[in-house]
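Please open the model in a viewer that can select residues by number and display secondary structure. The tour below proceeds selection by selection and states what is found at each stop.

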Amino acid sequence: MSNRVFNLSKSIMANLAKTDIILYTALTPNGHKASITLEELGLPYAVKSIEISKNMQKEDWFLKINPNGRIPAIVDKTPTPDGKPREKRIFESGALMLYLCQKYDPDNKLNYPYDSDEYWEVVEWLVWMQSGLGPMQGQANHFYRYAPEKIEYGIKRYQTETKRLYQVLEDRLAEQAKASEKDGPWIVGDRMTIADIANFGWINWAEWAGVDVKQFTTLSQWLDRINDRPAVKRGLDVPEPFTMKEKMKSKEAAEEYAKHHSQWVMKGQEEDRKKHGTEI
């Protein structure tokens, strides 16, 4: 058994230098999760920019990759270890991150060995983000930045819930700091994992939701630590330079940035309303 695992690991390592992966993405929190994971693992990949403003994610060719019409997604054409051709699509950022670690992270740089306590903790925090932080902050983004009319209830409701979730992570990281001996604290164990990357993807856009992350001391330090990583910097500029934070330094630039994005968000929403016959 041990020889088989060793040989399999050697096959995986050999494939790392010749992966054939296409990333379909856009400049969003979810898109950043995918590109940062690929960069941190050092995997070669090609990028196909999906222009959400033109509704490319709803075109028939892309729906064959992701039936839900959302980014990110990948198509992995890397041959099997024994040289057989294959083509595997993966959509949903959480599934994509788990897949990349399972297939191309034999040294567990971004995760822990399968079925270890730490592995399942990573899964817990990944699912926590996918079902809580992402959707809630996404709604905060919508009501604060995109909605054609400012509904104070909606803004406060989702900003408050986003802050509550930030506090959950603040408390988790503060607890982790008590046992941290390396460059942490991290959400799970002694290293940055896909749990950190997944949550970072959204928290790095905090100001876009109108939330000040600086009020969460440990979380803010964690955010800065991740932003300083070279692979993260590269991943943030996929598929185009990440300029949101720079835009936020000027009220005029922030308003123009929001206006541009609001137009295509509302256009897409109107098209969905017409297609599905639901009033908004």
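A crossing of two helices is called left-handed if the near helix is turned anticlockwise from the far one by less than a right angle. The model on display is a predicted one.

**First stop: helix 5 and helix 6**

Select residues 117-146, which form helix 5, and residues 152-177, which form helix 6. The axes of these two helices come within 8 Å and cross at roughly 150 degrees. Angles over 145 degrees count as roughly antiparallel, and helix 5 and helix 6 are therefore roughly antiparallel to each other. The crossing in which helix 5 passes helix 6 is left-handed.

Next, display the side chains at this contact. On helix 5, select Glu121, Trp125, Trp128, Gly132, Leu133, Met136, Gln137, Gln139, Ala140, Phe143 and Tyr144. On helix 6, the contact is made by Gly154, Ile155, Tyr158, Gln159, Glu161, Thr162, Leu165, Tyr166, Val168, Leu169 and Arg172. Coloured by class, the residues of this contact comprise 13 nonpolar, six polar and three charged.

**Second stop: helix 5 and helix 7**

Keep helix 5 selected and add helix 7, residues 194-203. Here the axes come within 9 Å and cross at roughly 5 degrees, which makes helix 5 roughly parallel to helix 7. From helix 5, the contact is made by Val122, Trp125, Leu126, Trp128, Met129, Leu133, Gly134, Gln137, Gly138 and Asn141. From helix 7, Ile194, Ala195, Ala198, Asn199, Trp202 and Ile203 take part. This contact of helix 5 with helix 7 has eleven nonpolar residues, five polar residues and no charged residues.

How many of the residues of helix 7 are buried? Ten of its ten residues are buried, among them Asp196, Phe200 and Gly201. To see what surrounds helix 7, show helix 2 (29-41), helix 4, helix 5, helix 6, helix 8 and helix 9, against which its buried residues pack.

**Third stop: helix 8**

Select residues 217-227, which form helix 8. The buried residues here are Thr218, Leu219, Ser220, Trp222, Leu223, Ile226 and Asn227. Against which helices do the buried residues of helix 8 pack? They pack against helix 6, helix 7 and helix 9 (230-236).

**Fourth stop: the sheet**

Turn now to the strands. Four strands form an open sheet in the order 2-1-3-4, with mixed pairing. Strand 2 and strand 4 stand at the edges, each with a single partner strand, so one side of each is left without a neighbour in the sheet. From one strand to the next, the twist averages 20 degrees.

Select strand 1, residues 21-25. Strand 1 is mostly covered, with five of its five residues buried. Both faces are covered: Ile21, Leu23 and Thr25 lie on one side, and Ile22 and Tyr24 on the other.

Add strand 3, residues 73-76, which runs antiparallel to strand 1 and is joined to it by four bridges. Within this pair, Leu23 stands opposite Ile74, and Ile21 has Asp76 as its bridge partner. Then add strand 2, residues 46-49, which runs parallel to strand 1 and is likewise joined to it by four bridges. On this side, the bridge partner of Leu23 is Val47.

**Fifth stop: backbone features in the loops**

Most residues other than glycine have a negative phi, and most peptide bonds are trans. The following selections depart from that pattern.

Select Glu92, in the loop between strand 4 (88-91) and helix 4 (93-104). Its phi is near 75 degrees, a positive value in a residue other than glycine. At 36% relative accessibility, Glu92 counts as partly exposed. Asp115 lies in the loop between helix 4 and helix 5, and Asp115 also has a positive phi, of about 75 degrees, although it is not a glycine.

Two peptide bonds complete the tour. In the loop between helix 6 and helix 7, select Pro185. The bond that joins Gly184 and Pro185 is cis, with omega about 10 degrees. Finally, select Pro239, in the loop between helix 9 and helix 10 (244-247). The peptide bond from Val238 to Pro239 is cis, and its omega is near 5 degrees.

Terms used: Residues are numbered from 1 along each chain as its sequence is written. This is a predicted model: local features need pLDDT of at least 70, side-chain atom pairs count only at pLDDT 80 or more; totals for chains, interfaces and linings use all residues. Side-chain values use heavy atoms; hydrogens and water are left out. Axes are lines fitted to C-alpha atoms, for helices over the stretch in contact, and angles run from 0 to 180 degrees between N-to-C directions. Angles under 35 degrees count as roughly parallel, over 145 as roughly antiparallel, 65 to 115 as roughly perpendicular and the rest as oblique. Contact means heavy atoms within 4.5 Å. Ala, Val, Leu, Ile, Met, Phe, Trp, Tyr, Cys and Pro count as nonpolar, Asp, Glu, Lys and Arg as charged, and the others, Gly among them, as polar. Buried means under 20% relative accessible area, exposed over 50%, partly exposed in between (1.4 Å probe, protein chains only). Two strands pair if DSSP finds at least two bridges between them.
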